[in-house]
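Colleague: Mind walking me through this one? I'd like to go over a helix, some charged pairs and a bit of surface.

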Amino acid sequence: MSALLVLTLLGCTALAQDLAVSVSEHEIKLQAGDRTYTIGDDGNIRPLGMRPNIAGADSTGKGIWLFPAKMTLASVVTDEADRKVVAATWELTEGAPKYQLELELEINAGSPALTVVSRVRRVEEGGGGCYYFWGFTRAVTQYTTPLHPARSFAPTQWDVRPRARWMLIADPKAGIGYGVISDGRIGRAPASGEGIADGEVPGFPYLLCTPRTLYLREGQSLDVGFTVFDTLSAVEVQEVYRSSHSAQATRPYFDGRHWDAALQDPGQRIPAHDLRTEDGLAVSLTSDGRVAGLTLGAGARPGGDKSLLPLTDFPISGLLLRDFRAGGAPEPVGGTVTRIGDGSLHQRALVRGIEVTADYRALPDRISISVQLHDTTGEDRAVTAYFALPVRNDRGWAWGDSTEVSRSTRNPDEYISAAAQTGYPAGANGTNSQYPFASLSGPAELGLAVPLDEPRQCRLVYNSETAQFYAAVDLALTAETKQFPSAAGFSLHIFTFEPGWGFRACADKYYRMFPQFFEKRVQRDGGWVCWGNCADVPDIGELGYAYHWGLSGPEACKWDNDHGIYAFPYIEATNMHQTMEEYETATSEDVIKRLEWIADPARTEPIPQWKYDHPYGAHLGDRDEVLRRSAT
């Protein structure tokens, strides 16, 4: 089992001294002083009443809900006087796709707590995203964190607390309480039952592994680590945290996951090159491309230059790269930055066999960055490229989710649009920002944007825990790409906007930076109607339709044209649908053989009239020849 080892060094020697551990076929038992923790085939940690839950969807979109069913492997991996660690694996209840649960359970001398490193691994291919969490079996009413003393959970809605270094969740009247140190999120399901999947208990607390549903491929995993014990004292929870300073509570969280490596820049940051817009935004880079300065000047806000850089714990910044083949955390690209004749900056680097070039330009209203990556190894590469601005997290920022909603960034968390699209079977974590721009506002106004004419899987995020405002772009480098073999790139824009209106002002600035994307090309506004023939709708003129999509045929198109409705026929010009009728299931090899047969120039046998090969039909001329060209 591949598992993450968590060390918890505790100094509260008065809390517990004696440690004991035993492992049998169906049960693990760990004793820390006067507390004993037992976990069996059902994965329930007793007496805490905690069990992992795996929730998601299968390839058809149907919800799945899985629980531990059988402990398959268990062994003591550390048996020292002051520390005991057990590693174990569980099979889950039936469901597709299949996952398995992997745990490391640890107790330490001087602590009443159980430390859990928990991983859910996908063990077969299949569709659908998933998330998982550890759920308690008893309801709570209050939570206490370093920032929130004794607050009540909202009774009728999802109430998820961002990652807190420590938390007490309790029901004082019932005498129930848990001390938690976690790198996940802690929350409570709604008492109303709205949004609860089958098997989830309303009103009960849980530790959530990920902030959103993610898509896992075979062999990939989601993990969460936490330390937990029963208590009603917030002071005791805080003391355990302070004495342990546990590794799982301090692992940096970045781009939707935790990293074992620090994401901090310990080096000197001496500005070597400056870029400044006419409205007062300035970015300084070191000679190797790290961000050494980020200011908003008098042209942007009254009061002179305002530095937005963190005062301490400076994060890695500038261009970063994560190579999935190599593994590990994102790393600075480095290389050399030089100024070229037109006042722009040019960065060139070679990292892990990938040539990286970037051009930086200061335009009147923004700083523009164009990045290109080229693989030199001849192998297929999957990478995530980042550009990260170090933005201090103690300034009272507001993150813009939409024109209607903004959120304070006070809590240590990652802020991405609440409408972010998730669960895609693509990219680093299946997540894509809903909007092509993102805004921070309050003490200053700062935005990131990508152009609409460069479609990429991209996340625009502010991380108040690591103090980074960044763009993450998932890219594939393969020689199979004919137009730009083994290469890919992206563009990014940094800008400021008018104060006072947050996301709305950011959107307005985006419209003005890229007017070509919002040029109005129709003369009439109105409603939208789908399918059929508008001639068949009584009194359609009173409904105000202006757009008709997926109309039923030539007569419907002619009627729309005669009555001032814009007709948009439904086509899939880039797709070829194949019906694999002779197979109950079709493998990738079957599909390739079918395409090779269709494309064979010597083939004389006609292509069968499969039920569904839209949009290649008689209206395109020789159907057989069209399919042959498409498969070539």
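Colleague: Let's start with helix α5. Which residues of α5 are buried?

Modeller: Keep in mind that this is a predicted model. Here, buried means under 20% relative accessible area. In α5, the residues that are buried are Asp-590, Arg-594, Ile-598 and Ala-599.

Colleague: How wide an arc do they cover around the axis?

Modeller: An α-helix has 3.6 residues a turn, so residues three or four places apart point the same way. The buried set, Asp-590, Arg-594, Ile-598 and Ala-599, sits on the same side of α5, because the arc around the axis is only 165 degrees.

Colleague: And which residues are exposed on the other side of α5?

Modeller: For exposed, the cut-off is over 50% relative accessible area. On the other side of α5, the exposed residues are Ser-588, Glu-589, Lys-593 and Glu-596.

Colleague: How far apart are the end C-alpha atoms of α5?

Modeller: Helix α5 runs over residues 588–599, which is 12 residues. At 1.5 Å a residue, the span should be 16 Å. The model agrees with that, as the end C-alpha atoms are 17 Å apart.

Colleague: On to charges. How many salt bridges does a search of the whole structure find?

Modeller: Side chains of opposite charge can pair when their charged atoms come close. Four residues, Asp-265, Arg-269, Asp-288 and Arg-290, are even linked in a network of salt bridges. Over the whole structure, the search comes to 26.

Colleague: Arg-459 caught my eye. Which residue forms a salt bridge with Arg-459?

Modeller: Arg-459 has a relative accessible area of 2%, so it is buried. The closest N and O atoms of its salt bridge are 2.7 Å apart, and the partner is Asp-255.

Colleague: How many residues apart are the two in the chain?

Modeller: Arg-459 is in strand β38, while Asp-255 is in the loop between β20 (253–254) and β21 (257–258). So is the partner buried or exposed? Asp-255 counts as buried, at 5% relative accessibility. The pair links distant parts of the chain, 204 residues apart.

Colleague: Which residue has a side-chain polar atom 2.8 Å from the backbone nitrogen of Asp-255?

Modeller: The residue in question is placed in strand β35 (residues 414–415). At 5% relative accessibility, it counts as buried. Its side chain also joins that of Tyr-470 in a polar contact of 2.6 Å. The polar atom 2.8 Å from the backbone nitrogen of Asp-255 belongs to Glu-414.

Colleague: What about Arg-352: how close are the closest N and O atoms in its salt bridge with Glu-331?

Modeller: Arg-352 is partly exposed, with a relative accessible area of 43%. Glu-331 also counts as partly exposed, at 24%. Their closest N and O atoms are apart by 2.4 Å.

Colleague: And in the pair of Arg-35 and Asp-34, which residue is buried?

Modeller: These two form a salt bridge, with the closest N and O atoms 3.8 Å apart. Asp-34 is exposed, at a relative accessible area of 65%. With a relative accessible area of 18%, the buried residue is Arg-35.

Colleague: Last one, on the surface. What is the area of the nonpolar patch that includes Leu-452?

Modeller: Leu-452 is in the loop between β37 (446–449) and β38 (457–463). It is partly exposed, at 43% relative accessible area. Together with Tyr-511 and Phe-518, Leu-452 makes a nonpolar surface patch of about 290 Å².

Technical notes: Residues are numbered from 1 along each chain as its sequence is written. This is a predicted model: local features need pLDDT of at least 70, side-chain atom pairs count only at pLDDT 80 or more; totals for chains, interfaces and linings use all residues. Side-chain values use heavy atoms; hydrogens and water are left out. Helices (H or I, at least four residues) and strands (E, at least two) are DSSP runs, numbered from the N terminus. Buried means under 20% relative accessible area, exposed over 50%, partly exposed in between (1.4 Å probe, protein chains only). A polar contact is a pair of N or O atoms within 3.5 Å; within protein, one must be able to donate a hydrogen and the other to accept it, and residues adjacent in sequence count only if both atoms are side-chain atoms. Patches are made of residues with over 30% relative accessible area and no salt bridge: like charges are joined within 9 Å, nonpolar side chains (Val, Leu, Ile, Met, Phe, Trp, Tyr) within 5 Å. Accessible areas come from the Shrake-Rupley method with a 1.4 Å probe; for residues, only the protein chains shown count as cover. A salt bridge is a side-chain nitrogen of Lys or Arg within 4 Å of a carboxyl oxygen of Asp or Glu. The expected span of a helix is 1.5 Å times one less than its number of residues. The arc is that of the directions from the helix axis to the C-beta atoms.
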